[in-house]
Amino acid sequence: MYLSPEAQRLLDEVRRSHEQLLKHFDAGESHRRGFRAVYEAFESALGEVDDAHLIAPIDGGWSPAEVLVHLAEHDQKIEEASRRGIEHMIEHGLE
């Protein structure tokens, strides 16, 4: 599957955020599978998307790039994950 360089960079940021959460919370396999599902859903959705479409808003809302940046930033919030649970981070990504 082709991913534009920018899409791959953004997905890598999301993956790094998830890896930090997994490491910090010494997460088990079910959480790893949950984060993998988030990553794979985005990867599938971004396949064959060029950079112009990556930054274009969808139906007047956020662009795919903005969603990925938000997710990567949100999932670096260890305090929120501690308070709400790591499951919240997975659910947020799947929304």
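Modeller: A residue is called exposed when its relative accessible area is over 50%, buried when that area is under 20%, and partly exposed in between. The structure discussed here is a predicted model.

Biologist: With that cut-off, is D26 buried or exposed?

Modeller: D26 lies in the loop between α1 and α2. It has a positive phi of about 45° although it is not a glycine. Most residues other than glycine have a negative phi. Because its relative accessibility is 68% and the cut-off is over 50%, D26 is classed as exposed.

Biologist: Where is D59 found?

Modeller: D59 also calls for attention to its backbone, since its phi is positive, about 50°, although D59 is not a glycine. Its relative accessible area is 80%, so D59 is exposed. The place of D59 is the loop between α3 and α4.

Biologist: Turning to the interior, which element gives the largest share of the largest nonpolar core?

Modeller: That core has 23 residues, and those with the most contacts inside it are L11, L21, F35, F42, L46, L54 and L68. Two or more residues each are given by α1 (5-24), α2 (29-46), α4 (64-74) and α6 (86-94). The largest share, 6 residues, is that of α1.

Biologist: Which residues does L11 contact, leaving aside its neighbours within four places in sequence?

Modeller: L11 is among the core residues with the most contacts. Beyond those neighbours, the partners of L11 are L3, Y39, F42, E43, L46 and L68.

Biologist: How do α1 and α4 run, roughly parallel or roughly antiparallel?

Modeller: Two packed helices are described by the angle between their axes and the distance between the axes. For α1 and α4 the angle is about 20° and the axes are 8 Å apart. Since an angle under 35 degrees meets the cut-off, α1 and α4 are roughly parallel.

Biologist: How many nonpolar residues are in the contact of α1 with α4?

Modeller: From α1 the contact takes L10, L11, E13, V14 and S17, and from α4 it takes A65, L68, V69, L71 and A72. By class, 1 of these residues is charged, 1 is polar, and the number of nonpolar residues is 8.

Biologist: Is S17, in helix α1, buried or exposed?

Modeller: Leaving aside neighbours within four places in sequence, S17 is in contact with A72, D75 and Q76. Its relative accessibility is 1%, and the cut-off is under 20%, so S17 is buried.

Biologist: What distance separates the C-alpha atoms of R16 and D75?

Modeller: R16 is in helix α1, and its relative accessibility of 42% makes it partly exposed. R16 and D75 are 59 residues apart along the chain, yet their C-alpha atoms are separated by 9.3 Å.

Biologist: How do α2 and α4 run, roughly parallel or roughly antiparallel?

Modeller: Their axes lie 12 Å apart at an angle of about 165°. Because that angle is over 145 degrees, α2 and α4 are roughly antiparallel.

Biologist: How many charged residues are in the contact of α2 with α4, and what is the handedness of the crossing?

Modeller: The crossing of α2 and α4 is left-handed. V38, F42 and L46 of α2 meet P64, V67, L68 and L71 of α4. By class, the contact has 7 nonpolar residues, no polar residues and, as to charged residues, none.

Biologist: Which elements do the buried residues of α4 pack against?

Modeller: The buried residues of α4 are P64, A65, L68, L71, A72 and H74. They pack against α1, α2, α3 (51-54), α5 (78-84) and α6.

Notes: Residues are numbered from 1 along each chain as its sequence is written. This is a predicted model: local features need pLDDT of at least 70, side-chain atom pairs count only at pLDDT 80 or more; totals for chains, interfaces and linings use all residues. Side-chain values use heavy atoms; hydrogens and water are left out. A nonpolar core is a set of buried Ala, Val, Leu, Ile, Met, Phe, Trp, Tyr and Cys residues joined through side-chain atoms within 4.5 Å. Buried means under 20% relative accessible area, exposed over 50%, partly exposed in between (1.4 Å probe, protein chains only). Helices (H or I, at least four residues) and strands (E, at least two) are DSSP runs, numbered from the N terminus. Contact means heavy atoms within 4.5 Å. Axes are lines fitted to C-alpha atoms, for helices over the stretch in contact, and angles run from 0 to 180 degrees between N-to-C directions. Angles under 35 degrees count as roughly parallel, over 145 as roughly antiparallel, 65 to 115 as roughly perpendicular and the rest as oblique. Ala, Val, Leu, Ile, Met, Phe, Trp, Tyr, Cys and Pro count as nonpolar, Asp, Glu, Lys and Arg as charged, and the others, Gly among them, as polar. A crossing is left-handed if the near helix is turned anticlockwise from the far one by less than a right angle, and right-handed if clockwise.
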